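Let's read a structure together, one feature at a time. Have a look at it first, and then we can talk it through.

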Amino acid sequence: MGKGEGVIAIAQFLFFPGLVFTAAAGLLTSWFDRKLTARVQMRKGPPLLQPFYDVAKLFVKETCVPEGTLSWFFLSAPLIGVAGVTLASTILCQAMWAPQDIFAGDLIVVMYLLALPSLSMILGAFASQNPLASLGGSREMKLIMAYELPFILVACVPIIAARSIQLADILAAPPVAHQFSGLLALLVALIAMQARLTRVPFDIPEAECELGSGVLIEYSGPPLAMYKLTQAMMLFTGPVFLLVLYAGGIPFSEGWLAAGLGLLKFLSIVTLVVLIRNTAPRLRIDQAMRLLWGPVTLAAIMSLVLVYWGL
Amino acid sequence: MMSISKKIFSRSLFLFHLGGSACNNCDIEILDALTPKYDLERFGIIAVGSIRHADVILLSGIFNKKSAIRVRRMYEQAPKPVIVLAIGGCACSGLIFQDSYNWDVPVGDYIPIDAYVAGCPPKPEAIIAAITQVVDKLRNPAAAGAD
Amino acid sequence: MSGAADNHGDETVRQIKSALGERVLDFQQRSPKRIYLEVDAQNITETAAVMSDELRGRLQTASAVDGPQKIEILYHWAFDSIGLVVSVRTRIDREQPEIASITTICPSAHWIEREMWELMGITFAGHPDMRHLLLLDDWPDGKYPLRRDYRKD
């Protein structure tokens, strides 16, 4: 890799399709979430740039670091999440829009990277020196164990269908959601994604009423802005990942109609996430684990069996 | 630069409800103001659960000698800049508790208060009017006089 | 349902009367669900033992009143299964308000006795942890806000 390619790679990570693009897309998706929630609750909802204002406002506030913690650790924990989701989004968007820059095993790398935001929340929670944050952090750990199992199982479905572990090959193959096994896998992945995004019914780590904002209770100012940004970017990257795996991504190379259809698919996945969030109650952590390791994992195994039989 | 940060601050206010030993009528009115009927989210206002996330602190209820010390501690934990609103007569002046054995001074003597919303309890419209007045003062400091 | 309450209530009343015997100075049943007893202050620990341990009542709360001649303390025991509440009244001197603490017998009396001490000035002998509950820790001694002669200075 020459120097020029290195500079291009850094520019891709920082601007497009990296940090700036993913942040903007994530914040716009976050607006869509809040507007749809408002409409469901029969009210108007925030203006388009509200999530941008929220993040910008947090840079105006002072940062409070709890006593007795390692301040460099407390302050850098949010950045791990930002870095992880940015890199994952860069790889995914490159796979969709510039498939010549592939590398072997990019799907596995993306799956590892998508674990980093949750990890950074746990690190931040335990760096907070607060019993409520520790409670939220331990629940987040249990939640990760719960949703990673079915998610990894159904991530194998498009791999088996396309007979390849590379994202470009999965995208080139016919979208697996057109088969019954793929549809089932998409549903399981949706539930697992709801847990990964810590949305209701799985938002126990950040339960506002119960834990006083749980993992984020001690964060303020710019570090909190980084966490909010990570959550917004995950709201974009998560559904995009589901699309890439099951529904052929958002292709811009095949013309505007296909791209528009892809965008519509993206918005419908986000809509599903938002509607579930608005209609479901919050699950206790033991209920969430029982659900994710029980029926959801069973459905995941079923979809694996079905795709192996070619259904 | 100061005015841009004030303008951004005025567009996204996170509310934190800090209650003293209230009779809960003011708490209910604050809750009403946060319901879909008044829809504060279109102003960028949402309620948060941690004092570290607070931009606007809503004080409600009567703060006696013991809880006023704690309120001072909570105020110091809120990252600045923060706006403090006193909701209801008890938070403003002590109201019927002024002769009580457990009360000495209004909570405004412990922490700086930016706006007083009198009423027992004040209607949600009054609470929203106070918030919008504070927001206007942030956006047009010249029109409202010195800070 | 109230029929059953009456029957069990009558049974409980009989048990109270037989267990306390001579110590009951006054007895009133103002309604099927409410009984008022009066006992002497020095018999309060035995009464508490009868109500809590023997008869399995639950100490709901206690209330102190600065009465016309003496300070009255009412202890309220509830019998949840039959819906009966028994209030036991004792009277103590205002000049030297002392009574035995029943915290060792009824642990739920712990905080209410602290509150009665700090607001009414009643000394509870044998209380494991007597300190301020609602008032400030450095509240001046000897000033009891709920007494009739208290004036805010």
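**How two helices meet**

A: H11(A) and H12(A) are oblique to each other, because angles under 35 degrees count as roughly parallel, over 145 as roughly antiparallel, 65 to 115 as roughly perpendicular and the rest as oblique. This is a predicted model, in which local features need pLDDT of at least 70, side-chain atom pairs count only at pLDDT 80 or more, and totals for chains, interfaces and linings use all residues. Residues are numbered from 1 along each chain as its sequence is written, while chains are lettered from A and ligands numbered from 1 in the order in which they are written.

Q: At what angle do helix H11 and helix H12 of chain A pack, and how far apart are their axes?

A: Two packed helices are described by the angle between their axes and the distance between the axes. Here helix H11 (residues 221–247) of chain A and helix H12 (residues 256–279) of chain A pack at about 120 degrees, with axes 10 Å apart. Axes are lines fitted to C-alpha atoms, for helices over the stretch in contact, and angles run from 0 to 180 degrees between N-to-C directions.

Q: Which residues of H11(A) and H12(A) make the contact?

A: Residues are in contact if their C-beta atoms, placed from the backbone, lie within 7 Å. H11(A) brings residues including A:Pro239 and A:Leu243, and H12(A) brings others, among them A:Phe266 and A:Ile269.

Q: How many helices and strands does chain A have?

A: Helices (H or I, at least four residues) and strands (E, at least two) are DSSP runs, numbered from the N terminus. Chain A has 13 helices and zero strands. Its C-alpha trace spans about 55 × 50 × 40 Å along the principal axes.

Q: What share of contacts in chain A joins residues at least 24 apart?

A: Among contacts between residues at least 6 apart in sequence, the share is 78%.

Terms used:
Two residues are in contact if their C-beta atoms, placed from the backbone, lie within 7 Å.
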